[in-house]
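Work through the following exercises with the sequence and the model side by side. Try each task before you read its solution.

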Amino acid sequence: MRKKNLLLLAIFIVLFVGSIFAHAIYMDAEDWRSPGRRYHCIYEVSVGGLSGREVAGTTVIMVPIPATKEGKFFTPPAQKDPYLSQRLMHEILDWPEQHRKGPYFENSTEVFDNKTISGNWTTFIAETDKGYMYGFRTNETRLDDISFSREFVADYFDIFDPINNGSPVLYPVENVSEISVVPYGDYCHVHLIISHNTLTFSHPHSSS
C-alpha cells in the first residue's frame with residue numbers, strides 16, 4: 001500500500017511539474033508570437049520623381065500618418081509580467097533579462113520619429129494646419145527618391161469597422177466611403193475607400 005501511495009505521489013508530481021512547463025511553453029508562444037499574428041499594420045511610403053533633382057537649402061515632404069480619424073495615434077499592447085510558470089521556466093533556462101518581462105512594443109513616436117533613411121532623409125512627426133502629418137527632411141543638394149517602410153503593433157483594431165472603432169488609418173482624413181463586408185467562406189472581404197488630405201511637398205528654389 002505504501003509503495004502504491006509513493007507511486008501515485010510520484011505520478012502526481014511529474015504531472016504537476018509537466019503541466020507547469022506546458023503552460024509556460026504555451027504562454028511563451030502567445031506572448032512572443034510574431035507581429036503577423038497580432039493586430040499589426042505595415043506602413044509604406046514611396047515618393048518618386050526626386051532622384052537627381054538639385055535644390056538649395058532644406059527639402060521637406062509631408063504625408064499622412066497612421067492614426068485614428070480624429071488624429072489620435074495608436075497604442076501598443078501593454079507590457080505585462082510573465083506568469084509564475086513562465087518566470088520559473090525562464091529562471092531554469094537562464095533566459096536573457098529582456099524576457100523576464102513580457103515583450104515590449106514601440107509606440108508611434110518610437111516607430112516613426114527621427115529615423116534616418118537612404119538619401120539622408122530624416123523622419124519626423126509634425127502638427128500642421130491639417131493636423132498631425134509625417135515628414136521627411138533633408139539638407140542634401142541632390143535629392144533621392146523616398147522609400148520607407150515600418151511595421152507596428154497596435155493594441156486592437158476592428159477590421160470590420162476601422163473608422164468608427166478607432167483603428168489606425170491614414171490621417172488627416174477627408175472622406176470615408178460606406179464600408180461593405182461580403183462573406184467569403186470562413187472569411188470576409190472588407191471594402192472601404194478613404195480619401196486623405198493632399199500631400200504637402202515643400203522645398204526651396206532649385207539651384208539650377
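**Exercise 1: a charged pair and its surroundings**

E30 has a relative accessibility of 24%, so E30 counts as partly exposed. The model is a predicted one, and the tasks below ask you to read its geometry step by step.

Task: Determine which side chain meets E30 in a salt bridge, and which residues are linked with E30 in a network.

Solution: Begin with the pair itself, where the side chains of R33 and E30 meet at 3.8 Å, N to O, which falls within the 4 Å that a salt bridge requires. Next consider accessibility: R33 has a relative accessible area of 25% and is therefore partly exposed. Finally, widen the view, and you will find that E30, R33 and R37 are linked in a network of salt bridges.

**Exercise 2: a bridge between distant parts of the sequence**

Task: Explain why the salt bridge of K80 and D31 ties together parts that are apart in sequence.

Solution: First establish the bridge, in which the side chains of K80 and D31 come to 3.5 Å, N to O. Then locate the two partners: K80 lies in the loop between β3 (65–67) and α2, whereas D31 belongs to helix α1, so the pair joins parts that are 49 residues apart in sequence. As a last step, examine the accessibility of each partner, for D31 is buried at 10%, while K80 is partly exposed at 42%.

**Exercise 3: a buried charge without a partner**

Task: Decide whether D28 is buried or exposed, and find out what its nearest side chain of opposite charge is.

Solution: Start with the position of D28, which is in helix α1 (residues 2–31). D28 is buried but has no salt bridge, and K80, the nearest side chain of opposite charge, is 9.8 Å away. Setting aside neighbours within four places in sequence, you can then list the contacts of D28, which are R33, Q86, M89, H90 and W95.

**Exercise 4: two helices that cross**

Task: Describe how the axes of α1 and α2 cross, and which residues make the contact.

Solution: Note that the axes of α1 and helix α2 (residues 84–93) come within 8 Å and cross at roughly 95 degrees. That angle lies in the range from 65 to 115 degrees, so α1 is roughly perpendicular to α2. The residues in contact include I20, F21 and D28 of α1, together with Q86, M89 and H90 of α2. To finish, sort the residues of this contact by character, which gives 8 nonpolar, 4 polar and 2 charged.

Conventions: Residues numbered from 1 in each chain as written. Predicted model: local features only at pLDDT ≥ 70, side-chain atom pairs only at ≥ 80, totals over all residues. Heavy atoms only, no water. Helix = DSSP H or I, 4+ residues; strand = E, 2+ residues; numbered from the N terminus. Buried < 20%, exposed > 50% of the residue type's maximum accessible area, 1.4 Å probe, protein only. Lys, Arg positive; Asp, Glu negative; His and termini not counted. Contact = heavy atoms within 4.5 Å. Axes fitted to C-alpha atoms, helices over the stretch in contact; angles between N-to-C directions. Parallel < 35°, antiparallel > 145°, perpendicular 65-115°, else oblique. Nonpolar A, V, L, I, M, F, W, Y, C, P; charged D, E, K, R; others polar.
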